[in-house]
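Please open the model in your viewer and keep the sequence panel visible. The tour below proceeds by selection, one stop after another.

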Amino acid sequence: MWTYDIMTGQFTWHNENGMRAYTYTTEEFAQRYEPQDFMRLQQTMAELAQKQTRADADEEEEMTLQLKARDVEDDDSEKRDFIIHLSVLRRGKDGRPVTIIGTKKDITEELEHQQQAYEQTMRYWGAFNIPLVGIMLFDKGGYLQNINPRACEMFECDHDEIIAQHVHMENVLDTGNLNLDEVDGYFATQVVDIDRIA
């Protein structure tokens, strides 16, 4: 965490015990951020101080923003993604804020997981909606959960209506002696002669 002295414009970095570890000028502290991110940080702190100066600010307010920064105290040369929480730590005799405290949470890995999940979902939908192959997805109980446009076209059905009918895979596929309770997943391909069954 760090604190910001509004009067002097100095930032103080505190260690895990809350003790002062480093003190930086505004210019020095800004080096860890992209210029536009540091500008957002300054604007948010100014907005927080202004809000908390008003006479009707009877409860402490916290403001949050997401930005990239280098953890120079931990010798991290790469910029990482952080959520920064800002609040007023100390006030002067007149009640005006004099010190703002900032705490941060590293969300780099969380954002990377979200991005990977998004990309995987996009790949899934790209494959699912391929116009050459009809695809039907069933849940672990064997009931239809989704069907792509090509399968709807092949079986001459409406997507929402067929899902609402709660169709079981045994009504569509020959699963033989398959026991769904004993398998983690089941992939099947069935060639359908549309001309023969039409």
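Begin by selecting Cys157, which counts as partly exposed at 22% relative accessibility. The model shown here is a predicted one, and every value quoted on this tour was computed from it.

**First stop: two cysteines**

Keep Cys157 selected and add Cys152. Is Cys152 buried or exposed? Cys152 is buried, its relative accessible area being 10%. Now display the sulfur atoms of both residues. How many disulfides does a search of the whole structure find? The search finds 0. For Cys152, the nearest cysteine sulfur is that of Cys157, at 4.1 Å, and Cys152 takes part in no disulfide. Cys157 is likewise in no disulfide, with the sulfur of Cys152 lying 4.1 Å away. A disulfide requires two cysteine sulfur atoms within 2.5 Å, so the pair does not qualify.

**Second stop: the whole chain**

Clear the selection and show the chain as a cartoon. It contains 6 helices and 8 strands. Starting at the N terminus, you may trace the elements in the order β-β-β-α-α-β-β-β-α-β-β-α-α-α. Of the 198 residues in the chain, 28% count as buried. Next, consider contacts between residues at least 6 apart in sequence: 38% of them join residues at least 24 apart. If you switch to a surface display, the accessible surface of the chain amounts to about 13,800 Å², and carbon and sulfur atoms account for 48% of that area.

**Third stop: a nonpolar patch**

With the surface still displayed, select Tyr118, Met122, Tyr124 and Trp125. These residues make a nonpolar surface patch of about 400 Å². To place the patch in the fold, colour helix 3, which spans residues 108–128 and contains Tyr118.

**Fourth stop: a salt bridge between two loops**

Hide the surface and turn to charged side chains. How many salt bridges are counted? The count comes to 5; three of the pairs are visited here.

Select Lys79 and Glu34, whose side chains meet in a salt bridge with a distance of 3.4 Å from N to O. This pair links distant parts of the chain, 45 residues apart. Lys79 is in the loop between strand 4 (62–69) and strand 5 (80–91), while Glu34 is in the loop between helix 1 (26–30) and helix 2 (35–53). Lys79 is partly exposed, with a relative accessible area of 26%, and Glu34 is partly exposed at 31%.

**Fifth stop: a salt bridge between two strands**

Now select Lys68 and Asp81. They form a salt bridge in which the closest N and O atoms are 3.1 Å apart. Lys68 belongs to strand 4 and Asp81 to strand 5, and the two are 13 residues apart. Which label, buried or partly exposed, suits Asp81? At 12% relative accessibility, Asp81 counts as buried, whereas Lys68, at 35%, counts as partly exposed.

**Last stop: a salt bridge within one helix**

Finally, select helix 4, which covers residues 149–155, and show the side chains of Arg150 and Glu153. These side chains meet in a salt bridge of 2.9 Å, N to O. Arg150 and Glu153 are 3 residues apart, about one turn of the helix. Arg150 is partly exposed, with a relative accessible area of 25%, whereas Glu153 counts as exposed at 54% relative accessibility.

How values were computed. Residues numbered from 1 in each chain as written. Predicted model: local features only at pLDDT ≥ 70, side-chain atom pairs only at ≥ 80, totals over all residues. Heavy atoms only, no water. Helix = DSSP H or I, 4+ residues; strand = E, 2+ residues; numbered from the N terminus. Buried < 20%, exposed > 50% of the residue type's maximum accessible area, 1.4 Å probe, protein only. Contact = heavy atoms within 4.5 Å. Areas by Shrake-Rupley, 256 points an atom, 1.4 Å probe, with all protein chains shown as cover. Patch = residues over 30% accessible without salt bridge, like charges linked within 9 Å, V, L, I, M, F, W, Y side chains within 5 Å. Salt bridge = Lys/Arg side-chain N within 4 Å of Asp/Glu carboxyl O.
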